[in-house]
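Reader: I am new to reading protein models. Could you walk me through this one and show me how each label is earned?

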Amino acid sequence: MNTPQLMKVLSSEVNLQILSILKSGSFNPRELARILQKDETDISRRLKMLERVGLVEGKWTRVRGKNIRVYSLKVGEVKISFGPGEVIIKTSENKSYEVPLLESKIPNVEKFFGRKTEVETLLSSEKAVIVIYGIAGIGKTTLAAKVFGNAFWYQMSEVDSFDYFVWQVGLFLNTLDYSLLLEYLRSGGREERDIFELMLEGVENTKAKIVVDDVHKCSDEKILKLLSFLALRIRKGRLVLISREKLHLGASENILYFHLKGLDLEDAYALLKAKGLHLDVSDFAEIYNLTKGHPLALTLFAGAYKDNRKIKADNVFDFLFNEVYQQLNSDEKLMLQIISLFDEPLEYEAIKVLYGKKNSFVVLYSLLNKGIIERRGEVYFLHDLLKGFARELREVDEREYYSRYLDYLLKKNTAKNFLTAFRYAVKLGDEKRIKDLTELRLRKFKRVVQDFPNAYMKILFQIKNNPYAKKELGSIYFQKGFFEKALNLWLEIKDEVDGIHRADVISSLTDVYMELNDFKEAEKYLKELESIAKSTDDVEIKFWYYVELTKFYFYMEKPEDALKSAFKELEIIREMEAYPELESAVLLHIGDIYVEMEKFEESVRYYIQSLEIAKAYSLTFMEHVSYMELAKVYYHLENYKTMVDYASKAADYFLRIRNYRRAADALSYRCLAYIALRKLDNAEKDAEGLIRIAQSTNYPLAWAGYIFLGIVKELEGEDGGEYFELGTERLKDYSWLYSAVLEEVGKVFDVSKITARP
Ligand code: ADP
C-alpha cells in the first residue's frame, strides 16, 4: 500500500464519510451522492481513489445491458505503526471507526483562555441535556467546542428546516452504526412521530453526543418540538443546546441550565496579553469595567487599541468595530463587507469567487488573524454581533454578489445548494431566475419535493403569488396527499405558465383527477398533454405523457393498451440520462399490468428486472417493494415456499422502517403462504403480528389478522368463529377490502366457513 497516498486519502472528511456509509452496505455512486448531498461526479472520483489505495472495492454488475459500478468496503480498520526505518500499515476487517461529518462544523478553539470553573462544571455534570445560554459573543460556542469537541455539531440558521436537520442527524447516527433513521428517510418516511422516536432510539442506542448551536435562530416549529421531545427523554446520549435566551424545555431533573457570563479578571488580562497588549492596572481596570470580560469585545479592543484614545462608553461595540474597521486596508474592507452580506458562513471557494481578486487568501487570513472573521471547519463568517455594524458601513452592491453567489451554488449540483440558490433568487426578486430554477427542479432535482419538502415550501411561501411557486407548492401538496389543495393551485395558474411548465401542470392535473376518480376530467387533460407531447422533442415531457397514459388505461381496465404505453415509458426512460428509480418503478408497473392480464410468468420477469436495478443502485425501498410484488405473484403461481422467502424480506424491511401499511401487506401474504403450507405455528405468529399492528395503527388490512387467526384455529380442529366475527366486524366499513381479503383467502381455505356464519 502506498503510505503517503493513503494518508492523503484519509485526511479528507468527505472520503471518511464515504467509508463510513459503505459500512452499512454496498452503494452505487448515485445513491451515495444523494445521501451525502454531493455531486455525483465528485463522489465517483473519490470512490476510484479509495479503490486505488485498496480501501474499497468496486464491482461491475450488469443490469439490463448496462454496466453499473457498485462499491463496498474492503477493510474495516487501518493501523499505522512506526518501526525502525519504516512505517507499517495494516488493515483488517470488521472494526468500526467514528468519522466527523461535513455538516458537523466544530469551531476551532486554538486560542482558549481561562474558563476553568465553567469547564469543570460542564465536564462533571451528569445531566444528559445541557443548555448553555448568554448574550452574543460571550463565548458559548467556544466553551462548548472546548468541552464537547468530539460531538456532532449542528449549526442552526434562520432558514433551517426540519427535513434537512433530521437528514443530517440520520447521517450522523448512521456512522455510529444506527441506520434506521436514515433508511426511514431514504424510503420516503415522513411521519413526525416516527422520526421523533427513531431519533431518540438512535441517540440512546449509540450514546450519541449532539450539540445544536444558536438554537435561538431556529424558526422551525417542528425542530423546536423535536428538541424539547429529545431533551425530556434522553438519558444515555447527550444533547447540548446553545442559545442566547434561556430555552424553556419543560421541567426536568435531566436538564442543566448554564448561564455563561464574561471572563474573570485574570483570564481577561491573559487574553489581552496574548494579543500583544500590556496595559497598566488602571487602564486594564477601565477596559474590564467597560467590557465585563466579554471576549469578543476584548478581542476587538486589542485590535483597536491605540495609546491615549478614550473609549466612548455608550456603545462599546459600535465604537470598537469602527476603530478596527478604519485600520483595515481597502481589500480587507471589501472582503469583510462581502462576507457580511451573507447570512450563512461561506466556504473559501465561494469567497474567492465573490471577492474576485488574486490576493483573496492573504486578505482572508489577515482578517482571521485580526479576530474579525472566524472560521468553523471549512467555512468563514463574521460574528452575528458584528454583522449589523458591518452592514451599516456597506458600500458594495448586494444584488451583484447575491447573483454571483447564486451561480456559484448552482455549479455545485446538489439539492442543498439548489435550495440555497433558490433562496437568493427570491431575495433578489428575480422572476426570470425563479422560473429557470423551477425548471431545473423538474429536470434535475426531482427529489427535492420528496426529500426536503419543508425546506422548499418555506422558500416558496415567500413568493406565494408567483405562478411558478404556486405550481411547485401544488407538487408538494400532491406529494403529501392533499389532492384538493394541489388541484386548486394548478387550476389557478394553468394559463399563466408556459413551456415545460405548462406541460408539467397539464400532466399534474391529469394525475390528480385520476387520484380523485374523476376520469372524465383526467381524459380531457390527457388529450391536451398528448398534443403537447407530440409537438415537442423534449423527452421529459414525452415521458410524463406516457406515464399518465399508462395509468389511465390501467384504471380503464384496458391492460393491453396500458402495456403498450408502459413499454414506451421504458424506451424513453432508457434514452434519458440514467434515472434508475424511475426505471425500476416503470418495470414494476409492467409487472402489475401482466398480473392484471394473468400472465404471471411475465410479471415475475419484470419484477425481477426491477429488483436488479434497485439492488444495483442501492435503492433499498424499491428493492423491497419488488420483493413484495414477487411474493404476491408467487401466490398466484401457488409457489408458497418462494413466496415465504420474498414476503419475509419485505416484511422485515417494512417493519424496520416503520412503514406499517406495507408491512401489514407483506405479513398478510406470508401468513397466507404459511396457511397454504400448513405451517400453522408460523401462520399464527404472523396473524398475531398483524393484530398488534392493527391495534397500534388502526390500519384496516391489519385487522384481517383476526380472520387468519380464525383459519389457523379451524385447521387445528378448533372453532375459529370468534376470530372470524372479530375480523368481520373490524372490516365491515371497508367492504371492498373485506372482499379482497376473502378472495385471496379463498385460494387456500374454504371461505364459506367464514361467510356462512349467522
Ligand atoms: P457566542 O457563541 O456566545 O456568541 P463565541 O463563542 O462565538 O460567542 O465567542 C465570540 C468570540 O470570542 C470568538 O471570536 C471567540 O474566539 C472569542 N472567545 C470566546 N471565548 C473565548 C475564550 N475563552 N478564549 C479566547 N477567546 C474566546
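**Around the ligand**

Author: Gladly! An N or O atom in the side chain of H383 sits 2.9 Å from an oxygen atom of the ligand. Please keep in mind that this is a predicted model.

Reader: What makes the pair between H383 and the ligand a polar contact?

Author: A polar contact needs N or O atoms within 3.5 Å. The H383 pair is at 2.9 Å, so the pair meets that cut-off.

Reader: How do you know that T142 and F113 make polar contacts with the ligand too?

Author: By the cut-off of 3.5 Å. A polar side-chain atom of T142 is 2.5 Å from an oxygen atom of the ligand, and a polar backbone atom of F113 is 2.9 Å from a ligand nitrogen atom. Both distances are within 3.5 Å, so both pairs count.

Reader: How much of the ligand does the protein bury?

Author: The protein buries 89% of the 550 Å² that the ligand exposes when taken alone.

Reader: Why is G137 called near the ligand?

Author: A residue is near if one of its heavy atoms lies within 4 Å. There are 18 residues around the ligand, and G137, K140, T141, T142 and H383 come nearest, so G137 belongs to that group by this cut-off.

Reader: Which helix gives the most to the shell?

Author: That is α6, with three residues. Both α6 (140-147) and α13 (295-304) supply at least two each.

**Confidence**

Reader: How do you know how confident the predictor is?

Author: The protein chain averages a pLDDT of 88, and 94% of the residues score at least 70. Over residues 94-103, though, the pLDDT is below 50. Where pLDDT is low, the predicted coordinates should not be read in detail.

Terms used. Residues numbered from 1 in each chain as written. Predicted model: local features only at pLDDT ≥ 70, side-chain atom pairs only at ≥ 80, totals over all residues. Heavy atoms only, no water. Polar contact = N/O pair within 3.5 Å; in protein donor to acceptor, adjacent residues only side chain to side chain. Areas by Shrake-Rupley, 256 points an atom, 1.4 Å probe, with all protein chains shown as cover. Helix = DSSP H or I, 4+ residues; strand = E, 2+ residues; numbered from the N terminus. pLDDT = per-residue confidence, 0-100. Contact = heavy atoms within 4.5 Å.
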